[in-house]
Structure formats: structure tokens, C-alpha cells
Amino acid sequence: MKLILLGAPGAGKGTVAKMLTKLDGSVQISTGDILRGAVQAGTDLGKEAEGYMNRGDLVPDSLIMGIMEGRLQEDDCKNGFLLDGFPRTIPQAEALTELLTKLGISLDMVVNIDVPRDVIFDRLCTRRTCQNPECQAIYNVKSNPTKVEGICDKCGSPAIQRADETEEAIAHRLDTYNEKTAPLAGFYDEKGLLKTITGTSSDLVVDGIKKELGM
Ligand code: AMP
């Protein structure tokens, strides 16, 4: 499947994407994961992106398009992809449309995962993420804690609160989402690609997507 997952930070895009990869071998492409990996590895991309990310600001479109242009042409995308956290602005969506046309790829659907702001705020404040760039497993101190506090169950690396998951940075990320990313729903609705699924359960969101795709 070739999908875009839209939704605010904390709406469950990453969890849903990971569940969908198991259905048909499509790959999850998370620009946030790619950027965090670059920050940890200390690459030029990471050094450029880090300040924006820690403040909860978006990284410039040109950097993101540079990443995505290469990533979408890698071999593993041939079986399908789930775009998680990209596009995040209208210029990114326009550039993606152009890129997909150039590559001869058409999207199946754009899924907008709609979750109330108070649920999202609480989820992000209590979220923990594995620091290992190869793993980046997600936990929640209330609903899905690690077996040993602060240690990833899967790989044993520290599971930490991200620098952009302080209350202040979260509030700023949600405002940025409303201003810059929420308009993408209209953009894709006009193209007849949008399906909005309201719900806080990732299982139900995945069921809704499967139904839409006739799986
Ligand atoms: P995420 O893990 O998707 O919440 O992304 C974490 C941070 O990475 C965001 O707050 C942005 O600073 C940056 N980021 C991720 N994806 C994008 C994107 N498509 N455009 C701009 N910035 C991005």
C-alpha cells in the first residue's frame, strides 16, 4: 500500500504505520525518525535540524525534500510505503505530488487520524522513546510502560523523554500542526484521496484503513 498518514504529533501515526507494515511488507518512512537518527549520528543534516526540532519548530522544507527524494527511490519502497510525519506543509505536499509524478507512483489514500487535543497532550507528556536510532520503540509510562523503568524492552537502550516532549515544546508543536499541517487535509480532500478516521485506538484505525483498502 502507498499511504500518507496525517495527524497531529501523538495521534498514533507511528504505531499505526508499524502495524500496517506487518500486513503487506510496506515500509514505514518517518521523517522524525530519520532526523533523530541524523542528530544522534552528528551528521551535517542532524546539526542543521537539531535546533528546530528541540524548539518544536518544523525543519525547513528544502532539507526534508532532500531526504525524501532519495528515500522514496530506495528499493524497499517498491512494495509500498507509509509516510509518517511527511508531508507537513503545503509546499512539501506540492513537492511530493511533483516527485511522485516524476517517479510514476500513485498514492492509494491519505489517512487523517483525528484525536482530541487533550488526549494528545496527555499522551505526549507521558511518552518515552528508545534512544537507539535503529529501534526508536515507543512506550507510555501510563498505558504501555517498559518492563524495567527507563530501559527499552526490545533492545536494552535507554527509553527517554524526547527533548521536544516538554510541556512547552509540545504546546508549540501542536500549534505548529494546526497552522501548517492541518490544511493538508483540505489539500488531499480536493484530490479525492482523503479519509478521516476519528479514534484513539490504533487497532480500530488499522481496521478502518483495511476496510477502505478492501483488505
Ligand atoms: P515527529 O517525530 O514526526 O513528531 O517529528 C519530530 C520533529 O522533526 C518535528 O517536530 C520537526 O521538527 C521535525 N520534522 C519531522 N518531519 C518533518 C517534516 N516533514 N517537515 C518539517 N519538520 C519535520
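In this predicted model, A159 touches R128, T129, C130, Y139, T146, G150, I151 and C152, leaving aside residues up to four places away in sequence. A159 sits in strand 7, which covers residues 159-160. Its relative accessible area is 9%. The cut-off for a buried residue is under 20%, so A159 counts as buried.

Q136 lies 23 residues from A159 in sequence. In space, the C-alpha atoms of A159 and Q136 are 8.5 Å apart. Q136 belongs to the loop between strand 5 and strand 6 (138-140). Its phi is near 50 degrees, a positive value in a residue other than glycine. The relative accessibility of Q136 is 6%, so this loop residue is buried. With residues up to four places away in sequence not counted, Q136 touches K18, D33, R36, G37, T129 and C130. T129 and C130 thus appear among the contacts of Q136 and among those of A159. One contact of Q136 is polar: its side chain meets the side chain of R36 at 3.1 Å.

R36 leads to the ligand site. The ligand has 16 residues around it, and T31, R36, D57, G85 and Q92 come nearest. Helix 2, residues 31-41, gives the most to this shell, with four residues. Three polar approaches to ligand nitrogen can be described. In the side chain of T31, an N or O atom is 2.8 Å from a nitrogen atom of the ligand. From G85, a backbone N or O atom lies 2.9 Å from a nitrogen atom of the ligand. From Q92, a polar side-chain atom lies 2.9 Å from a nitrogen atom of the ligand. The ligand taken alone exposes 480 Å², and the protein buries 96% of that area.

A cis peptide bond joins F86 and P87. Its omega is about -5 degrees. P87 is placed in the loop between strand 3 (81-84) and helix 5 (90-103).

Helix 7 was examined for length and for burial. It has 15 residues, 167-181. At 1.5 Å a residue, these should span 21 Å. The end C-alpha atoms are 20 Å apart, which agrees with the expected span. The buried residues of helix 7 are A169, I170, R173, L174, T176, Y177 and T181. Seen down the helix axis, they fall within an arc of 160 degrees, so they line one face of helix 7. An α-helix has 3.6 residues a turn, so residues three or four places apart point the same way. The face of helix 7 turned away from the buried side carries the exposed residues E167, E168 and E179.

The cover over the buried residues of helix 7 includes both helices and strands. Among the helices are helix 3 (44-55), helix 6 (117-125) and helix 8 (184-190). The strands include strand 4 (109-114) and strand 5 (127-130). Strand 5 also bounds the loop that holds Q136.

Terms used:
Residues are numbered from 1 along each chain as its sequence is written. This is a predicted model: local features need pLDDT of at least 70, side-chain atom pairs count only at pLDDT 80 or more; totals for chains, interfaces and linings use all residues. Side-chain values use heavy atoms; hydrogens and water are left out. Helices (H or I, at least four residues) and strands (E, at least two) are DSSP runs, numbered from the N terminus. The expected span of a helix is 1.5 Å times one less than its number of residues. Buried means under 20% relative accessible area, exposed over 50%, partly exposed in between (1.4 Å probe, protein chains only). The arc is that of the directions from the helix axis to the C-beta atoms. Contact means heavy atoms within 4.5 Å. A residue is near a molecule or strand if one of its heavy atoms lies within 4 Å of it. A polar contact is a pair of N or O atoms within 3.5 Å; within protein, one must be able to donate a hydrogen and the other to accept it, and residues adjacent in sequence count only if both atoms are side-chain atoms. Accessible areas come from the Shrake-Rupley method with a 1.4 Å probe; for residues, only the protein chains shown count as cover.
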